[in-house]
Amino acid sequence: MTVISTPVDFNEEELYVDLRPMVGHALFLKCEGFNFAGSIKLKAATEMVEAAEWSGALRPGSILVESSSGNLGVALSVIAASKGYGFVCVTDSRCNLSARRFIEALGGRVHTIAEPAADGGLLGARIAHVRALCAADDRYVWLNQYANADNWRAHYRTTAPAIARHFPELDVLFVGAGTTGTLMGCARYFRELRRRVRVVAVDSAGSVTFGGEPGRRMIPGLGTSVRPALLNESYVDDVLLVEEADTIRACHRLARRGFLFGGSTGTVVSGAARWLSGHDARDLTAVAIAPDLGERYLDTLYQSTWLHDLFGDDVLGPDELTADLELDLDRCPLHPGCQPLSP
Ligand SMILES: Cc1ncc(COP(=O)(O)O)c(C=O)c1O
């Protein structure tokens, strides 16, 4: 039995999904979504808040403010509520409605930025808004996940050693890149302690993090429109870019097996499967990190109108459609004329 008194005291660190049946290689998916914030961001948020308390930057009466597309905001709202701080999350139109509701349910506020900055896009505009709040009122404290070393330190201290403990023979680690906190913490740990582990960064096509051309990105979590200050590419062995249509297909392939994961997990799994099939991977053991679960994406990734409007009618093939066409589940045997509730 586990008994806790604050929400950050619980985090499932030991759970992996065996993806061999799906990708045909020894790929294990580390599930980071089982905690009270529902994502890996609880670790970064906890580390950054505790360091800010330690330094005296955060004190009773402070208001945390952060630019987040959802999960860090959710994690900070959990911590702010449990410790009695205020919290303002600055986001943009790609923030999931459920993340907004979650933050507000815990007493936080969400500021949504609609206009991209001329230089730096929506992310640039969000950061300008955070800076303006801090300049206007000195109770606001910005942890700045994009540049805060405690973001990567959280993963150096927790995520990477947990993986190393369970996979002493690990060959390849696939990590999605948003702020690159997870990537840099794991990459630094394995570079310093287990030199033979190859660390592969997985990013969305359209992200500028690794020097690509900016492009449309509809799925929150991975990718940036401003290169993250935390990134040091010398620690990264390989970089993969994944098209969002491939992300969606991977998410739906997992869902067909009963595993509902978030978008960035689809990106990482799609990239990992491609990398493993392009290398002589027969004897390799690989781990990929799944940052969150799929419930926050029910109105987007797992909603057919959203999918078809943005990615076309043929984005999902027979391997990815969750309802088996041959079973004909859309036809009700009791009421032949009745339609499924949602398209
Ligand atoms: C769903 C999801 N995936 C991946 C990431 C990327 O993690 P990191 O910021 O550590 O690169 C995030 C970060 O917000 C996320 O919310």
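1. Helix α9 is mostly covered, with ten of its 13 residues buried, and the model in which this is seen is a predicted one. The buried residues of α9 are E244, D246, T247, I248, R249, A250, C251, H252, R253 and L254. What covers them includes the helices α1 (20–23), α10 (263–278) and α11 (304–311), together with the strands β8 (198–204) and β9 (238–242).

2. The length of α9 can be checked against its residue count: at 1.5 Å a residue, the 13 residues of this helix (residues 244–256) should span 18 Å, and because its end C-alpha atoms are 18 Å apart, the two values agree. After α9 comes G258, a residue whose phi is positive, near 95°.

3. Turning to the overall layout, the chain is divided into domain 1, made of 16–35 + 149–290, and domain 2, which covers 40–142. The centres of domain 1 and domain 2, taken over C-alpha atoms, are separated by 24 Å. To the contact between them, domain 1 gives 18 residues and domain 2 gives 19 residues.

4. On the side of domain 1 that touches domain 2, the elements giving two or more residues are α6 (149–157) and α8. The largest share of that side, five residues, is contributed by α6. By residue type, the side of domain 1 that touches domain 2 divides into five nonpolar, ten polar and three charged residues.

5. The ligand is surrounded by 18 residues, of which the closest are N71, G178, G221, S264 and P291. Two elements, α3 (71–83) and α8 (181–193), give two or more residues to this shell, and the largest share, three residues, comes from α8. The shell residues divide into five nonpolar, eleven polar and two charged.

6. Where does the ligand lie with respect to domain 1 and domain 2? Both domains give residues to the shell around the ligand, so the ligand lies between them. Helix α8 belongs to this picture twice, since it gives residues to the shell around the ligand and also to the side of domain 1 that touches domain 2.

7. Finally, the largest nonpolar core has 53 residues, and those touching the most other members are L173, F174, V175, V199, A272 and A288. Leaving aside neighbours within four places in sequence, A272 is in contact with L27, F174, A286 and A288. Apart from this core lies another, of 37 residues, among them A45, M48, A75 and I113.

Methods: Residues are numbered from 1 along each chain as its sequence is written. This is a predicted model: local features need pLDDT of at least 70, side-chain atom pairs count only at pLDDT 80 or more; totals for chains, interfaces and linings use all residues. A residue is near a molecule or strand if its C-beta atom, placed from the backbone, lies within 6 Å of it. Helices (H or I, at least four residues) and strands (E, at least two) are DSSP runs, numbered from the N terminus. Ala, Val, Leu, Ile, Met, Phe, Trp, Tyr, Cys and Pro count as nonpolar, Asp, Glu, Lys and Arg as charged, and the others, Gly among them, as polar. Domain bounds come from an automatic or database domain assignment. A nonpolar core is a set of buried Ala, Val, Leu, Ile, Met, Phe, Trp, Tyr and Cys residues joined through C-beta atoms within 7 Å. A residue is buried if 20 or more other C-beta atoms lie within 10 Å of its own, exposed if 12 or fewer, and partly exposed in between; C-beta atoms are placed from the backbone. Two residues are in contact if their C-beta atoms, placed from the backbone, lie within 7 Å. The expected span of a helix is 1.5 Å times one less than its number of residues.
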